[in-house]
Each structure stands twice: as C-alpha cells, then as structure tokens.
Amino acid sequence: MKVKCVLCDKIDVIDDESLLAKRLRNRPIHTYMCPECHERITEKTKARLATGKFRFYRSTTSEDDW
Ligand SMILES: [Zn+2]
C-alpha cells in the first residue's frame with residue numbers, strides 16, 4: 001500500500017502484509033512517518049532527554065503518588 005509521510009509528504013510503498021500496513025488500515029488516525037523523519041524525531045527526543053528538561057512519564061498516576 002502507498003503511504004504518505006505526515007512530516008515531509010514523501011510517498012512510500014509498504015508491504016500490505018506488514019504490521020505497519022495493518023495498523024494503518026485499522027486505525028486511519030495512526031499517521032505514517034518515513035524512516036528518515038522517524039530517525040529525526042528520535043534524535044530530537046534523545047537530545048531533549050539529554051538536556052534533562054524533558055521527561056517521559058510512564059504513568060501520570062504513579063508520578064502523582066510521590
Ligand atoms: Zn518523512
């Protein structure tokens with residue numbers, strides 16, 4: 001199936017039987033990101049984590065319990 005990257009509008013073709021294709025079909029709200037953009041986002045996230053200003057919360061409730 002053809003998919004369009006939500007960030008750079010690049011058209012990619014992915015295997016119809018791949019997990020990603022199935023996910024996109026079942027949940028149209030799930031957006032596709034090409035590997036290049038995915039990589040970029042991952043790098044940005046890593047950089048933010050390194051600054052210590054950005055934190056991931058596994059669960060908001062467990063944080064509230066502190
Ligand atoms: Zn992209």
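These legends describe close-up views of a predicted model.

**Figure 1. The whole chain holds three helices and two strands.**
From the N terminus, the order of elements is β-β-α-α-α. The chain has 66 residues, and 2% of them are buried. Among contacts with a separation of 6 or more, 42% join residues 24 or more positions apart. The mean pLDDT of the chain is 82. A value of 70 or more is reached by 74% of the residues.

**Figure 2. Confidence varies from element to element, with β2 and helix α3 at the two ends of the range.**
Strand β2 has the highest mean pLDDT among the elements, at 94. Helix α3 covers residues 60–64 and has the lowest, at 54. Where pLDDT is low, predicted coordinates should not be read in detail.

**Figure 3. K2 sits in strand β1.**
This strand spans residues 2–4. K2 counts as exposed, because it has 8 C-beta neighbours inside 10 Å, and the limit for an exposed residue is 12 or fewer. Beyond its neighbours within four places in sequence, K2 is in contact with I11 and V13. I14 also belongs in this view: its C-alpha lies 6.4 Å from that of K2. The two residues are twelve apart in sequence.

**Figure 4. C8 lies in the loop between β1 and β2.**
C8 is exposed, since 11 other C-beta atoms lie within 10 Å. Its contacts, leaving aside neighbours within four places in sequence, are with two other cysteines, C34 and C37. E36 can be picked out as well. The C-alpha atoms of C8 and E36 are 9.4 Å apart. Along the sequence, 28 residues separate C8 from E36.

**Figure 5. D9 has a positive phi.**
D9 is found in the loop between β1 and β2. Its phi is about 65°, although D9 is not a glycine. Most residues other than glycine have a negative phi. D9 counts as exposed, because it has 8 C-beta neighbours inside 10 Å.

**Figure 6. D12 sits in strand β2 and is in contact with V3, C5 and C34.**
The strand runs over residues 11–13. D12 has 15 C-beta neighbours inside 10 Å, so it counts as partly exposed. The count falls between the limit for exposed, 12 or fewer, and the limit for buried, 20 or more. The contacts with V3, C5 and C34 leave aside neighbours within four places in sequence. D12 and C34 are 22 residues apart in sequence. In space, 7.3 Å separates their C-alpha atoms.

**Figure 7. Helix α2 covers residues 35–51.**
How does the span of this helix agree with its number of residues? At 1.5 Å a residue, its 17 residues should span 24 Å, and the end C-alpha atoms are 24 Å apart, which agrees. The helix is hardly covered. The count of buried residues among its 17 residues is zero. An α-helix has 3.6 residues a turn, so residues three or four places apart point the same way.

**Figure 8. G52 follows helix α2.**
The phi of G52 is positive, near 80°. D9, in the loop between β1 and β2, also has a positive phi, but D9 is not a glycine.

Definitions and conventions
Residues are numbered from 1 along each chain as its sequence is written. This is a predicted model: local features need pLDDT of at least 70, side-chain atom pairs count only at pLDDT 80 or more; totals for chains, interfaces and linings use all residues. Helices (H or I, at least four residues) and strands (E, at least two) are DSSP runs, numbered from the N terminus. Two residues are in contact if their C-beta atoms, placed from the backbone, lie within 7 Å. The expected span of a helix is 1.5 Å times one less than its number of residues. pLDDT is the predictor's confidence in each residue, from 0 to 100.
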